[in-house]
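Here's a quick tour of one small part of a protein chain. Have the sequence and the 3D view ready, and follow along.

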Amino acid sequence: MADIKSYPLVRHLRGTATMHIRHQRQGKLLHDGPAVSFFFSPLGAVISEVPVDDRDLSLMFHARTSDFQDIAVQASVTFRVTDPEVASSRVDFAIQPETGRWRGTPLEQVAGLLTETAQQQVLGLIAGRPLAGVLADGVAVIRDQIMRGLTADARLAETGIAVIGARVIAIRPEPEVEKALQTPTREQIQQEADRATYERRASAVEHERAIAENELQNKIELARRQEQLIQQHGVNTRRQAEDAAEADRIEAAAAASREQRLAEARAAGTQALGQAKAVAEASLVAAYRSTPQATLLAMAARDLAGRLPHIGNLILTPDLLTPLLTRLATTDAVQAGAVDEETQR
């Protein structure tokens, strides 16, 4: 909107870069162009302000498909006034000299023209297609159709308006129809989810079964190894018993052999001792043979005295000595005869 300031008898207008100002007085063009600034008299001035920037217009209209389903099309159109002179002559862009505001609603007139033109292009397109086809690939088709229709429209060209671009934001059927159309897809998605759940559960069961089988195999292997351990323990125990028995047998045999050798040694020693004693006795008897009788009697008396108990006083009379000496002589004779027989043997 232009900035207008009031002075005595005149006013001053200052435009913007996006507004094209046309100043006429009595049919004569005085100022024409964007971003102009000038003084004017409000009594005879006719000023038009035409926007030359890009403007977006939102479109919302309903259409019916070939299968009699109502859909809502939400789109957006970008347009621009390319010929301000033509536009100001076809649409009232005049402003009030006092406030700088438009006298009418020129942009609403342009929006209505664009909306009606786009709607006519879309209605014919949608009427020949079913709902499923429109929802499937209708966005690109409707956008292209709107762009072609608005570009080729003669009325817009004659008004000095050019359409720069068109966009289709959404195509929505009625809520009940949209829900019904979404149901198969939702069911399919739910089936896929259920199948994934079942597969996951089946996989979990399979993993649990594999784990259980693995644990069972481990238990079987442990039992088998335990059985081997028990068998080996029995073999080791039996072997230890056999080794102990063999050791006892060897020890007993060694002890018996040792006892036998000791017995043989004792017997040999006894035999040697006996033989030595016999030799000594024989030597003694041989010595006794050559010894006089009186000496033998003295030796006998000495031996007898050594065997007798301790006697404090002893009185010997002839009556006592005669029988004793006789007996000793007899004993010595007997012993000498025995020694001779032994020697002869």
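Before we start: two strands count as paired if DSSP finds at least two bridges between them. Keep in mind that this is a predicted model. We'll glance at the whole chain, then look at a sheet, and finish with one arginine.

**The whole chain**
- The chain has 345 residues, and 24% of them are buried.
- Its secondary structure adds up to seven helices and nine strands.
- Take the contacts with a separation of 6 or more: 65% of them link residues 24 or more positions apart.

**The sheet**
- Strands of a sheet pair through backbone hydrogen bonds, and they can do that parallel or antiparallel.
- Here, three strands line up in the order E1-E2-E5 to make an open sheet, with antiparallel pairing.
- E1 (3-6) and E5 (37-40) are the edge strands, so each pairs on one side only.
- On average, neighbouring strands in this sheet are turned by 20 degrees against each other, direction ignored.
- E1 and E2 (residues 11-14) run antiparallel and are joined by four bridges.
- Want a pair to find? Isoleucine 4 has leucine 13 in E2 as its bridge partner.

**Arginine 11**
- You'll find arginine 11 in strand E2.
- Is arginine 11 buried or exposed? Arginine 11 is buried, yet it has no salt bridge.
- Why no salt bridge? The cut-off is 4 Å, and the nearest side chain of opposite charge, glutamate 98, is 5.1 Å away.
- Its side chain does make a polar contact with the side chain of serine 6, at 3.2 Å.
- Arginine 11 also touches residues further along the sequence, including Phe38, Phe40, Pro42 and Pro97.

Note on methods: Residues are numbered from 1 along each chain as its sequence is written. This is a predicted model: local features need pLDDT of at least 70, side-chain atom pairs count only at pLDDT 80 or more; totals for chains, interfaces and linings use all residues. Side-chain values use heavy atoms; hydrogens and water are left out. Helices (H or I, at least four residues) and strands (E, at least two) are DSSP runs, numbered from the N terminus. Axes are lines fitted to C-alpha atoms, for helices over the stretch in contact, and angles run from 0 to 180 degrees between N-to-C directions. Buried means under 20% relative accessible area, exposed over 50%, partly exposed in between (1.4 Å probe, protein chains only). Lys and Arg count as positive and Asp and Glu as negative; His and the chain ends are not counted. A polar contact is a pair of N or O atoms within 3.5 Å; within protein, one must be able to donate a hydrogen and the other to accept it, and residues adjacent in sequence count only if both atoms are side-chain atoms. Contact means heavy atoms within 4.5 Å. Lists of a residue's contacts leave out its neighbours within four places in sequence.
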